[in-house]
Amino acid sequence: MSRPFHIHILVISLVVPVQVISAQDYSWNFRLHAAALDSGETASTNTTSIGTGTEFINSYSVDMGNGSGFGLSAEHLVLNQHLGLEFGVLFADLETELSVGITDSASGNRQARTVVNSDFESLYFGANYHFFNPEKWYDLYAGASLNLVYYSNSRVTIDGAPGQFNIEDDIGYGLLLGFDAKLGQSQQWRITSGLRYVFTETLFSFNFETSDGGTSVAPVNVEVNPVIFQLGVGYSF
């Protein structure tokens with residue numbers, strides 16, 4: 001006579017401790033953002049040495065406008081995450097309106113305008129102070145930076161006259177006010193925003209090509225101080 005087999009099922013519950021990494025443990029912030037620029041700076045110069053006997057250029061001016069682009073940065077946190085050492089790059093364009101005053105012996109004075117899109121690329125090194133405890137869901141910080149700014153030169157034609165529009169690269173400085181909203185329990189992802197103000201001074205020149213094949217240079221100094229609004233995403237690790 002066979003004995004019935006009794007199967008006993010034993011359920012063992014294993015409680016495995018899970019270590020939750022908190023914001024207190026992060027030492028790096030990586031940010032990727034879109035950027036909108038607004039400069040609004042103007043400079044002008046007068047000249048009477050460019051042109052032929054019947055028509056010559058008597059003045060020209062540059063009017064810096066708006067631009068857009070994107071940037072990314074890496075920030076290393078020290079001193080209990082209250083001080084951030086930041087390295088970043090910005091790739092953007094900046095619209096410039098070039099206005100030329102022309103004197104014609106037949107028709108008198110007139111203005112000719114054209115728009116030039118120049119690259120505005122900045123490599124910056126900075127330090128940011130973070131005001132609140134890193135465990136909070138928000139991060140408010142302010143900082144200052146050293147900015148290396150690169151501009152591109154462009155070939156343009158204005159009122160039928162071809163030429164070369166040149167902008168010198170410059171070293172300036174910047175100020176930043178930033179606010180990040182941290183996401184999730186681990187707070188690794190964040191929505192990042194910032195307002196950056198960059199102070200630079202550069203030299204513009206337009207080499208007008210005259211009818212005899214020569215060129216004449218009319219340089220002008222101008223401050224380029226764009227206000228840059230940043231909005232994007234960040235990741236902490």
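## A walk through an all-strand model

Glutamine 187 is a good place to start: this residue is buried, with a relative accessible area of 10%. Its place is in the loop between E9 and E10, and its phi is positive, about 60°, although glutamine 187 is not a glycine. Another glutamine can be read alongside it. Glutamine 81 sits in the loop between strand E3 (55–78) and E4, with a phi near 65°, again a positive value in a residue other than glycine. Glutamine 81 is buried as well, at a relative accessible area of 11%.

Now step back to the whole chain. What you are looking at is a predicted model, so a word on confidence comes first. The average pLDDT of the protein is 84, and 82% of the residues score at least 70. One stretch calls for care: over residues 4–20 the pLDDT stays under 50, and the model has one contact beyond four places in sequence for these residues. Where pLDDT is low, the predicted coordinates should not be read in detail.

What is the protein built from? It has 12 strands and zero helices, so from the N terminus on, each element in the run is a β. Of the 237 residues, 43% count as buried. The accessible surface comes to about 13200 Å², and carbon and sulfur atoms account for 59% of that. Contacts reach far along the chain too: among those between residues at least 6 apart in sequence, 69% join residues at least 24 apart.

Strand E1 makes a friendly example of how a strand is arranged. In a regular strand the side chains alternate between the two faces of the sheet. Along E1, which covers residues 28–38, Asn29, Arg31, His33, Ala35 and Leu37 point to one face and are buried. Trp28, Phe30, Leu32, Ala34, Ala36 and Asp38 point to the other face and are not buried. Which strand does E1 pair with through 10 bridges? The partner is strand E12 (residues 227–236), and the two run antiparallel. In this pairing, leucine 37 stands opposite isoleucine 228 in E12.

Next, look at the charged side chains. Side chains of opposite charge can pair when their charged atoms come close. A search of the whole structure finds six salt bridges. In one of them, glutamate 86 meets arginine 196, with 4.0 Å from N to O. Glutamate 86 belongs to strand E4 (residues 83–104) and arginine 196 to strand E10 (residues 189–209), so this pair ties together parts that are 110 residues apart in sequence. Both glutamate 86 and arginine 196 are buried.

Arginine 190 deserves a closer look. Its side chain forms a salt bridge with aspartate 139, at 3.2 Å from N to O. That pair links distant parts of the chain, since aspartate 139 is in strand E6 (residues 138–151) and arginine 190 is in strand E10, 51 residues apart. Arginine 190 also forms a salt bridge with aspartate 180, and here the closest N and O atoms are 2.9 Å apart. Aspartate 180 lies in strand E9 (residues 170–183), 10 residues from arginine 190 in E10.

Are these three residues buried or exposed? Aspartate 139 counts as buried at 6% relative accessibility, arginine 190 is buried with a relative accessible area of 5%, and aspartate 180 is buried at 0%. They also belong to a wider set: Arg31, Glu75, Asp139, Asp180 and Arg190 are linked in a network of salt bridges. Arg31 has already appeared in this tour, as one of the buried side chains of E1.

The last stop is the nonpolar interior. In soluble globular proteins, nonpolar side chains tend to be buried together. The largest nonpolar core here has 30 residues, and Leu98, Phe165 and Phe204 touch the most other members. E4 gives the most to this core, with six residues. Which residues does leucine 98 contact, leaving aside its neighbours within four places in sequence? Among them are Tyr60, Ser61 and Val62, along with Ala112, Arg113 and Thr114. Leucine 98 is also in contact with Val156, Ile158, Phe165 and Phe206. Phe165 thus appears twice in the picture, as a contact of leucine 98 and as one of the core residues that touch the most other members.

Conventions:
Residues are numbered from 1 along each chain as its sequence is written. This is a predicted model: local features need pLDDT of at least 70, side-chain atom pairs count only at pLDDT 80 or more; totals for chains, interfaces and linings use all residues. Side-chain values use heavy atoms; hydrogens and water are left out. Helices (H or I, at least four residues) and strands (E, at least two) are DSSP runs, numbered from the N terminus. Buried means under 20% relative accessible area, exposed over 50%, partly exposed in between (1.4 Å probe, protein chains only). Two strands pair if DSSP finds at least two bridges between them. A nonpolar core is a set of buried Ala, Val, Leu, Ile, Met, Phe, Trp, Tyr and Cys residues joined through side-chain atoms within 4.5 Å. Contact means heavy atoms within 4.5 Å. Accessible areas come from the Shrake-Rupley method with a 1.4 Å probe; for residues, only the protein chains shown count as cover. pLDDT is the predictor's confidence in each residue, from 0 to 100.
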